[in-house]
Amino acid sequence: LAGKGVCIIGEAPGEQEEKVGRPFVGPSGSELDMALRMAGIKRREAHITNVLLCRPPGNKLKDFLRRISKVNKERAKDDKPPIPTPMECCAPRLEEEMAGFRHFITLGKTEMTAVTGQTASIMAVRGGMAELEATERTPPRKVMPTVHPAFVLRMPRWKHVFRNDIF
């Protein structure tokens, strides 16, 4: 993996990805492939993964996180430890996958937060390069946050923005 130049990170597998067992193979994958081609990047030159490797219930991560938060508030009243979020559970695996890379494209807010720790709106930061300083465990990193291809499919007027962000 480290021989590949860029690591592209999505949120979680969709229906098509779950069936095939690979990230970005459905309609979102076609949109991502087009943006990569326009940028002169072959799919095989990139490592493509997701923050989560399993699909959230009903494919609704925000709803699932709200339910976990509600349960954790109740658990806190009884001095019980919180239930970790799916992102917390998958963080060690994601860090390991990211270890050999210095350049990242994050496809949405969840992905940007997982890589940078920033919680700003994706619309506020997309299109600009974030530079992360080296830590004792990671090299310096450059991160290009942008919108998710599924958003582009729902809002076609954003297609040129997404493609220009990748370019």
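These legends accompany close-up views of salt bridges in a predicted model.

**View 1. Arg 163 and Glu 31 pair through their side chains.** A salt bridge joins these two residues, with 2.9 Å from N to O. Here the contact links distant parts of the chain: Arg 163 sits in helix 8 (residues 159-166) and Glu 31 in helix 2 (residues 27-38), 132 residues apart. If you look for them at the surface, note that both Arg 163 and Glu 31 are buried.

**View 2. Lys 159 joins Glu 31 and Arg 163 in a network.** Stay with the pair from the previous view and bring in Lys 159: salt bridges link the three residues in a network.

**View 3. Asp 63 meets Arg 66 within helix 3.** The closest N and O atoms of this salt bridge are 2.7 Å apart. Both residues belong to helix 3 (residues 61-77), and because they are 3 residues apart there, about one helical turn separates them. Asp 63 is partly exposed, at 33% relative accessibility, while Arg 66 is exposed, with a relative accessible area of 53%.

**View 4. Arg 126 reaches Asp 165 in another salt bridge.** Their closest N and O atoms lie 2.6 Å apart. Arg 126 is in the loop between helix 6 (122-125) and strand 4 (130-132), whereas Asp 165 is in helix 8, so the pair ties together parts 39 residues apart in sequence. With a relative accessible area of 24%, Arg 126 is partly exposed; Asp 165, at 9%, is buried.

For the wider picture, a search of the whole structure finds 10 salt bridges.

Key:
Residues are numbered from 1 along each chain as its sequence is written. This is a predicted model: local features need pLDDT of at least 70, side-chain atom pairs count only at pLDDT 80 or more; totals for chains, interfaces and linings use all residues. Side-chain values use heavy atoms; hydrogens and water are left out. A salt bridge is a side-chain nitrogen of Lys or Arg within 4 Å of a carboxyl oxygen of Asp or Glu. Helices (H or I, at least four residues) and strands (E, at least two) are DSSP runs, numbered from the N terminus. Buried means under 20% relative accessible area, exposed over 50%, partly exposed in between (1.4 Å probe, protein chains only).
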